[in-house]
Amino acid sequence: MLWTPSNTSTTEVLTTPASTSSLHFFLEYQDNAVLVEHYNYTGKLQRDRYRQGLKPEGIAFLVVCLLIVLENAVVLLSIWRNKKFHLPMYYLLGNLTLSDLLAGITYMANIIMSGHNTLKLTPLLWFLREGGVFLTLAASVVSLLAIAIERHVTMVTMRPYHGAKKGRMWALIAASWALAVFLGVLPILGWNCMQKLDQCSTVLPLYARSYILFCVSVFMAVLLAIVVLYVRVFRIVRVNTKRQGHGLSSSLRKGLARKSQKYIALLKTVTIVLGVFIACWLPLFLLLLLDFFCPTRSCKLLFKADYFLGVAMVNSLLNPIIYTLTSKDMRRAILRLLCRPCLMTRDGRVKKMGMPFLECSFSKTEVATQKLEGAAETTVSSGNNVTTPSPVKALYPRMFKS
């Protein structure tokens, strides 16, 4: 008699509790009724927003998102095409710009998939929609931290940040995106409130309140670390300037002051970016904290979250404008990219058009970190090259030791 293999073991594997749980988990992520249940529990279905199409404010937000994408794309292209910006600091600024550009895209997708389209989504698509916003937000925050770390390490070690040191820059960029992706995918990996309605957020009905509190805490901690790092950097510059200023000739002292101003100008640019970020995102962070502490359906303000997100979106719109206002080099590069014949002369100068914004910088000195990080400087006088001691070398003597 022929022996046939039994299917008993296979059946047992398929009906184990673990496999049943995994199958149920997968089916829930594809069940639109789960999303409707959560929105109904939080009270959001009592509003007309999810029965109507795109409202005028939604259209306005879409226009803002389009501007965000175009602005940041221009800045990225300017950094890529201009060899003068092929420096670690500008690469890190480019990384921040890339996160803003992606933020504009994710905001746009979020708006298009919101409103009456929300209830058509499966939980999986909803997690992807909201996770994109959290991911790009995390990328922006951590990019600001990466810039602060780079500036702080450069000042503490007193060594230029180029050549072999570029490995640190790429490590910072890679770490910023790794952390951003990690924070963004946590809900889809299981840190959510599915089957736990009492733990659900009102602003984001499928997110667990504990996850939102965790993210806000991480963002606040990162911002606090950035502030501490910049305070230390400013103190180092001030102390070194005073220490090295004594005993120098008046000409060297003036040169030292000019180079210090250039370095401070760069720090001011990044500090302004940080301040604008806090001003734009702090209202939404506070709203999310309110969401954690407020019982379900108790705080009407939580149903206005879209307007708080709109204010946060403005941050990605303002960053390219800040770069343009505070850096004459960046402004020239952008103008050259957009319309060189109508705005620039053949020798690369801005045409005089009666517009101070286009003709001069708002700061007394240009941001020129490549000069700060050079090994020595040469002063040209009467057609002859005369090498003089660099004020920067006097200010940061350890930076130029072999």
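Which residue forms a salt bridge with Arg129, and how far apart are the closest N and O atoms? In this predicted model, the partner is Glu130, and the closest N and O atoms are 2.6 Å apart. Both ends of this pair are out of the solvent: Arg129 is buried, and Glu130 is buried as well.

A search of the whole structure finds 2 salt bridges. Another salt bridge joins the side chains of Glu150 and Arg151, with an N to O distance of 2.3 Å. Glu150 has a relative accessible area of 0%, so it is buried. Arg151 has a relative accessible area of 1% and is therefore buried too; the cut-off for that term is under 20%.

Next comes the nonpolar interior. The largest nonpolar core has 82 residues. Trp126, Ile226 and Trp281 are the residues with the most contacts inside this core. Helix α6, which covers residues 123-157, gives the most to the core, with 13 residues.

Trp126 can be followed further through its surroundings. With neighbours within four places in sequence left aside, Trp126 is in contact with Leu35, Tyr39, Thr118 and Leu121, and also with Leu204, Pro205, Leu206 and Tyr207.

Ser140 is a residue of helix α6. Is Ser140 buried or exposed? Its relative accessibility is 5%, so Ser140 counts as buried, since the term applies under 20%. When neighbours within four places in sequence are left aside, the residues in contact with Ser140 are Leu96, Ser99, Asp100 and Phe277.

Asp100 leads on to a helix pair, since Asp100 belongs to the α5 side of the contact between α4 and α5. Helix α4 spans residues 56-81 and helix α5 spans residues 88-112. These two helices pack at an angle of about 155°, and their axes are 8 Å apart. The angle makes α4 roughly antiparallel to α5, because angles over 145 degrees count as such. The crossing of the two helices, α4 and α5, is left-handed. On the α4 side, the contact is made by Gly58, Phe61, Leu62, Cys65, Leu66, Ile68, Val69, Asn72, Ala73, Val75, Leu76 and Ile79. On the α5 side, Asp100 is joined by residues including Tyr90, Gly94, Thr97, Leu98, Leu101, Gly104 and Ile105. Tyr107, Met108, Ile111 and Ile112 of α5 also take part in this contact.

Asp100 thus appears in two settings: in contact with Ser140, and in the contact of α5 with α4.

Notes
Residues are numbered from 1 along each chain as its sequence is written. This is a predicted model: local features need pLDDT of at least 70, side-chain atom pairs count only at pLDDT 80 or more; totals for chains, interfaces and linings use all residues. Side-chain values use heavy atoms; hydrogens and water are left out. A nonpolar core is a set of buried Ala, Val, Leu, Ile, Met, Phe, Trp, Tyr and Cys residues joined through side-chain atoms within 4.5 Å. Buried means under 20% relative accessible area, exposed over 50%, partly exposed in between (1.4 Å probe, protein chains only). Helices (H or I, at least four residues) and strands (E, at least two) are DSSP runs, numbered from the N terminus. Contact means heavy atoms within 4.5 Å. A salt bridge is a side-chain nitrogen of Lys or Arg within 4 Å of a carboxyl oxygen of Asp or Glu. Axes are lines fitted to C-alpha atoms, for helices over the stretch in contact, and angles run from 0 to 180 degrees between N-to-C directions. Angles under 35 degrees count as roughly parallel, over 145 as roughly antiparallel, 65 to 115 as roughly perpendicular and the rest as oblique. A crossing is left-handed if the near helix is turned anticlockwise from the far one by less than a right angle, and right-handed if clockwise.
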